[in-house]
Amino acid sequence: MISSVAIVGGTHGNETSGIQLIQNWQRSGAPDLPGAKVSLVTGNPAAVSANVRFIEEDLNRQFTVDRLTSAGASLEATRAREINDMLGPKGNSNTGLVIDIHNTTSNMGATLIILAMDDFNVQLARYVKLHMPDANILLEDDKPYHDHAYLCTTGQRGVMVEVGAQPQGVLREDVFNEAQAMVMHILDYCRAVNNNELLVLPPCEAFRLGENIHYPLNDNGERTAMIHHHLQDQDFVPLLPGQPVFRTFDGRDIVWWEEQETYPHFINEAAYHKLHVAFATASLITL
């Protein structure tokens, strides 16, 4: 039984689909989920006002137990403790499900990110995939659920809706509509669970997170290459051994060096620019 759901937008202040959805629902009323309380949360109001990802630190990396119990004084550390008090506390949460809405500059389409492969999440993934066949399911179970630093882990269960490609700080109608549709499908799934109406759902394709691939750097820490045009915008498309990954600034190609194919995503994500992360890898699995 899912008795309470929190929908969060603006965890990053320049990812506008979730921000706009929260603002719209605050004016018109939160989506209805019979028998459950649905709350609306703006994650980082200061960053939203400034139209930036964050003010001092990434809010979506503050939600480890250590950070939540430390005396961190940044705006985001303080806001994380407020959200944890509101939705959590983490590990003993009063919120049944937290849905955190994000945008990416990468061409990932509508992507549901789940953090565990338990029955609830597997069935949710299958439900969303059944109703949004073009959606992608990304499983990040590289660590236990409560070890993740994401805001959504303040809930008993938590998922992220990641939709792109959308430039930072602007709104695209198609991306906005896909984000809204995915949230509504998640709520419909919760309604079916609460009413014991969930039928047997067919297995679905998903992607399991691998590792981050970084740009080549010189001895001064400067990039020596950019994403190859054959890889750009090819999120979740198989990257095969020998296919080009980077184009160096002196005109050479760097090809995929692993012996197995991978499924790149977050390709050339603007938010990861400072970290020199070029993309993340994934393997194809069935849920």
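**Working chat: burial, sheets and salt bridges**

Reader: Thr11 first. Buried or exposed?

Author: Thr11 is buried, at a relative accessible area of 0%. Buried means under 20% relative accessible area, exposed means over 50%, and partly exposed is in between, with a 1.4 Å probe and protein chains only.

Reader: What kind of model is this, and how are residues numbered?

Author: The model is predicted, so local features need pLDDT of at least 70 and side-chain atom pairs count only at pLDDT 80 or more, while totals for chains, interfaces and linings use all residues. Residues are numbered from 1 along each chain as its sequence is written, and side-chain values use heavy atoms, with hydrogens and water left out.

Reader: Back to Thr11. Where is it?

Author: Thr11 is in the loop between β1 and α1. Helices (H or I, at least four residues) and strands (E, at least two) are DSSP runs, numbered from the N terminus.

Reader: And what does the side chain of Thr11 make a polar contact with?

Author: The side chain of Asp100, at 2.8 Å. A polar contact is a pair of N or O atoms within 3.5 Å; within protein, one must be able to donate a hydrogen and the other to accept it, and residues adjacent in sequence count only if both atoms are side-chain atoms.

Reader: Which residues does Thr11 touch, not counting those up to four places away in sequence?

Author: Gly43, Asn44, Arg53, Leu59, Asn60, Asp100, His102 and Leu151. Contact here means heavy atoms within 4.5 Å.

Reader: On to α1. How far apart are its end C-alpha atoms?

Author: They are 18 Å apart, which agrees with the 18 Å expected for the 13 residues of α1 (residues 16-28) at 1.5 Å a residue. The expected span is 1.5 Å times one less than the number of residues.

Reader: Which residues of α1 are buried?

Author: Thr16, Ser17, Gly18, Ile19, Leu21, Ile22 and Trp25. The buried residues of α1 pack against β1 (4-9), β2 (37-42), α2 (45-50), β3 (97-103) and α6 (173-194).

Reader: What follows α1?

Author: Gly29, with a positive phi near 110°.

Reader: Sheets now. What is the order of the eight strands?

Author: β2-β1-β3-β6-β4-β5-β7-β11, an open sheet with mixed pairing. Two strands pair if DSSP finds at least two bridges between them. The edge strands, β2 and β11 (277-286), each pair on one side only. From one strand to the next, the twist averages 25°.

Reader: How many bridges between β7 and β11?

Author: Eight, and β7 (residues 205-214) pairs with β11 in the antiparallel sense. Ala206 has Ile285 as its bridge partner in β11. On this sheet packs α6, which touches β1, β3, β4 (109-114) and β6, its direction making about 155° with that of β6. Axes are lines fitted to C-alpha atoms, for helices over the stretch in contact, and angles run from 0 to 180 degrees between N-to-C directions.

Reader: What about the sheet of three strands?

Author: That open sheet has the order β8-β9-β10 with antiparallel pairing. β8 (225-227) and β10 (253-255) stand at the edges with a single partner strand each, so one side of each has no neighbour in the sheet.

Reader: Salt bridges. How many?

Author: The count is nine, where a salt bridge is a side-chain nitrogen of Lys or Arg within 4 Å of a carboxyl oxygen of Asp or Glu. One of them joins Glu15 and Arg53 (3.2 Å, N to O). Glu15 lies in the loop between β1 and α1 and Arg53 in the loop between α2 and α3 (65-69), so the pair ties together parts 38 residues apart in sequence. Glu15 and Arg53 are both buried.

Reader: How do Arg191 and Asp188 sit in α6?

Author: They are three residues apart in helix α6, separated by about one helical turn. Their side chains meet in a salt bridge (2.5 Å, N to O). Arg191 is partly exposed at 24% relative accessibility, and Asp188 is partly exposed at 27%.

Reader: Last one. Which residue makes a polar contact with the side chain of Asp141?

Author: Arg208, side chain to side chain, at 3.0 Å. Asp141 lies in the loop between β5 (136-139) and β6 (157-164). The C-alpha atoms of Asp141 and Arg208 are separated by 7.6 Å, with the two positions 67 residues apart along the chain. Asp141 counts as partly exposed, at 27% relative accessibility.
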